[in-house]
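Q: Got a minute to go through a structure with me? I'd like to start with the charged pairs and then hop around a bit.

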Amino acid sequence: EEGGNQEPGVISARSVLESFTEKQEVRGLIGSLKGVFGDLVAREMTTEKFIAIMDKYQEQPHLLDPHLEWMMNLLLDIVRDKGSPPSLVHLAFKFLYIITKVRGYKRFLPLFPHEVGDLQPVLDMLVEQNPKDSETWETRYMLLLWLSMICLIPFDLARFDGNITSEEGHTRVPTMDRVLQIAKCYLVVSDKARDAAAVLVSKFIVRLDVRQKRMADFLDWTLSMLSKSSFQTMEGTVVMNGMLQALAQLFKHGKREDSLPYAATVLECLDNCKLSESNQMVLRKLGMKLVQRLGLTFVKPKVAKWRYQRGCRSLAANLQAQGSTVQHQMRTVAANEADDEEEYDIPGEIENVVEQLLVGLKDKDTIVRWSAAKGIGRITGRLPKELADDVIGSLLDCFSCLSSKISFQETDNAWHGGCLALAELGRRGLLLPSRISDVVPVILKALTYDEKRGACSVGSNVRDAACYVCWAFARAYDPAELIPFIHQISSALVIAAVFDRDVNCRRAASAAFQENVGRQGTFPHGIDILTAADYFAVGNRVNCYLTISVYIAGFPEYTQPMIEHLVNKKINHWDCVIRELSTKALHNLTPRAPEYMANVVLPRLLPLSVGTDLHTRHGAILACAEITHALCKLAEENNRSVTYYFSEKSLEGLKQIHQEVCSK
């Protein structure tokens, strides 16, 4: 059915796995390592088989959880065996890395053995490694992760030093310094071991004994390395990456009271680096991550009691409340309660942090904007009500045409970042109901954001983010708060779910609509529409335009908004396929509102059909033809004259189209 019009990638063959079924095969592969490590071909074949098995679980990695421990133990038995040659040890660590890549190191980390007796062997193995050996980076990565777990042992590291002077009279390096030397060594390498070294730093520096003796020196070293490095060179980029990762991890896992004395100095150094001017996306992302964690360090870790708190989250209760008057209590705590608005000074650095995060919302890379949006949400949640409202006001001002430092009129990236920030604020309850009336117009515009760039357009990410805002609002607010905007939001989501050009946006809109139907229970004909336009049904664009749209237009609340959208946004679209589908959709929708089509839509299309813009003219001529054809068929079916629905002016306009086209 309409196979030629199917969007690429809409249907993909994938199976949903129920359990880890290759347990015996994996056990056999691990058991065969001792026999194949010396044969290059056998080793490669065994590794490829293991990778193929693990990659099957990339989308469902949780299925590996019950089996992680025995796989790790089998591999670490090889590592701990004194008789294992280096090549076998490296192969075992490579298998460990493959598992970690699928499941993620955070889930894997607690499973590492972390007895006192593991510290020295792991340190010794790390010392034996060559940081420049490109063949064994998996070994170094896993050893650093292992060491980051071992260093959590609750004993003063000085106890492991014993007599600091060896029998030969040489002074041994204390264990604390050995670990720090290893961490510093691997923070400046260019491979994956750098990421593990940052994890090691975050676990090690926050220890009581290390924090007291080495934290200040380590921070001095990282800031010195940052200051001396430049993102203009490859070497400088590698070093800055390691330093930023270490600082970001440290300020995430360290206690606020320990990190606060150094936060202002780190922020000043970060400002001097001018990472926003860098072309390296990873550096800008790490800089944004560090900025927000510094901001969280500056303010006290308290949950804002002024935030909006929705009471009932029961799906059944929401559906029962549909159409009835919902008793709804005040969802925010009175601002004048002394304990809710504890008075304390907000450091001046917070203004700098928020400004950098607002600038980050319009970065050219999505992950930087996403990090900035999360930072805005987290920091706003710790501010007093008045200051938080100022932050929200600054964000909303960016969407307006008012003059400001950041104009969201500039790029689609800025609109995308702004929508992500609004969604974060909404789902955290930081957008109070008084602000909804300011936010909804922005979201409605974002749901149809489509800016022409050359021969194509941009804005699909903006529309996707706007759907995320609607999804977040459905979960955050009591139905009574959104009642004034229900018709606008529901119509906009239906239009996006049916008429958006991109399948990911249609599915995002369908998911947001479904969330609103379930959580709010106030969308007109929500269940009926959701049944016809669910996540899978909207995958076929032709089906959306020509079939689903007709069904939804049968509900009077959606008929006119759908027609208006096609006329205003789609018949002049840059994509010829969309223009043609839109006019066919108008043909199918005409029986739902014949008088409106004849008296309102057709007179608007006639001037456009003889205009100067080629896309608009093409779409308008097709639309006039399709609507005229549909009205004539409707008149014949009702035993009326074919001109029944047309005024004299409309008939003259239709004739003029032919004259204008032929004359040119």
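Q: How many salt bridges does the count come to?
A: The count comes to 26 salt bridges. Keep in mind that this is a predicted model.

Q: Ok, pick one. What does Asp 500 form a salt bridge with?
A: Asp 500 pairs with Arg 463, at 2.5 Å from N to O. The two are 37 residues apart and link distant parts of the chain. Asp 500 lies in the loop between helix H23 (486–499) and helix H24 (503–519), while Arg 463 belongs to helix H21.

Q: Are those two buried or exposed?
A: Asp 500 is buried, with a relative accessible area of 4%. Arg 463 is buried too, at 7%.

Q: Which residues are linked with Arg 463 and Asp 500 in a network?
A: Asp 450 and Asp 502 join them, and the network is one of salt bridges.

Q: What about Arg 475, which residue is its salt bridge partner?
A: That's Glu 515, with the closest N and O atoms 2.9 Å apart. This pair also links distant parts of the chain, with Arg 475 in helix H21 and Glu 515 in helix H24, 40 residues apart. Arg 475 is partly exposed, with a relative accessible area of 29%, whereas Glu 515 is buried at 15%.

Q: And Glu 424, what does that one bridge to?
A: Glu 424 forms a salt bridge with Arg 428, where the closest N and O atoms are 3.3 Å apart. Glu 424 is buried, at 1% relative accessible area, and Arg 428 counts as partly exposed at 27%.

Q: Switching to cysteines. How many disulfides are there?
A: Zero disulfides in this structure.

Q: Why no bond for Cys 273?
A: Because the closest cysteine sulfur, in Cys 269, is 4.6 Å from the sulfur of Cys 273, and that's too far for a bond. The cut-off for a disulfide is 2.5 Å between the sulfur atoms. Cys 273 counts as buried, by the way, with 12% relative accessibility.

Q: Now helices. How far apart are the end C-alpha atoms of H17?
A: They're 21 Å apart, and H17 covers residues 366–380. That agrees with the expected span, because 15 residues at 1.5 Å a residue should also give 21 Å.

Q: Which residues of H17 are buried?
A: Among them are Val 368, Arg 369, Ala 372, Gly 375, Ile 376 and Ile 379.

Q: What do the buried residues of H17 pack against?
A: Helices H14 (281–298), H16 (349–360), H18 (385–397), H19 (412–427) and H21 (460–476).

Q: Over to the surface. Which residues make a nonpolar patch?
A: Leu 40, Val 41 and Met 45 make one of about 310 Å². Val 41 sits in helix H3 (residues 40–55), and Val 41 is exposed, with a relative accessible area of 56%.

Q: What's the accessible surface of the chain overall?
A: About 30,900 Å², with 52% of that belonging to carbon and sulfur atoms.

Q: And the big picture: how many helices and strands?
A: The chain has 31 helices and two strands. Of its 664 residues, 50% count as buried.

Q: Last one: what share of the contacts comes from residues 24 or more positions apart?
A: They account for 75% of the contacts in the chain with a separation of 6 or more.

Terms used
Residues are numbered from 1 along each chain as its sequence is written. This is a predicted model: local features need pLDDT of at least 70, side-chain atom pairs count only at pLDDT 80 or more; totals for chains, interfaces and linings use all residues. Side-chain values use heavy atoms; hydrogens and water are left out. Buried means under 20% relative accessible area, exposed over 50%, partly exposed in between (1.4 Å probe, protein chains only). Helices (H or I, at least four residues) and strands (E, at least two) are DSSP runs, numbered from the N terminus. The expected span of a helix is 1.5 Å times one less than its number of residues. Contact means heavy atoms within 4.5 Å. Patches are made of residues with over 30% relative accessible area and no salt bridge: like charges are joined within 9 Å, nonpolar side chains (Val, Leu, Ile, Met, Phe, Trp, Tyr) within 5 Å. Accessible areas come from the Shrake-Rupley method with a 1.4 Å probe; for residues, only the protein chains shown count as cover. A salt bridge is a side-chain nitrogen of Lys or Arg within 4 Å of a carboxyl oxygen of Asp or Glu.
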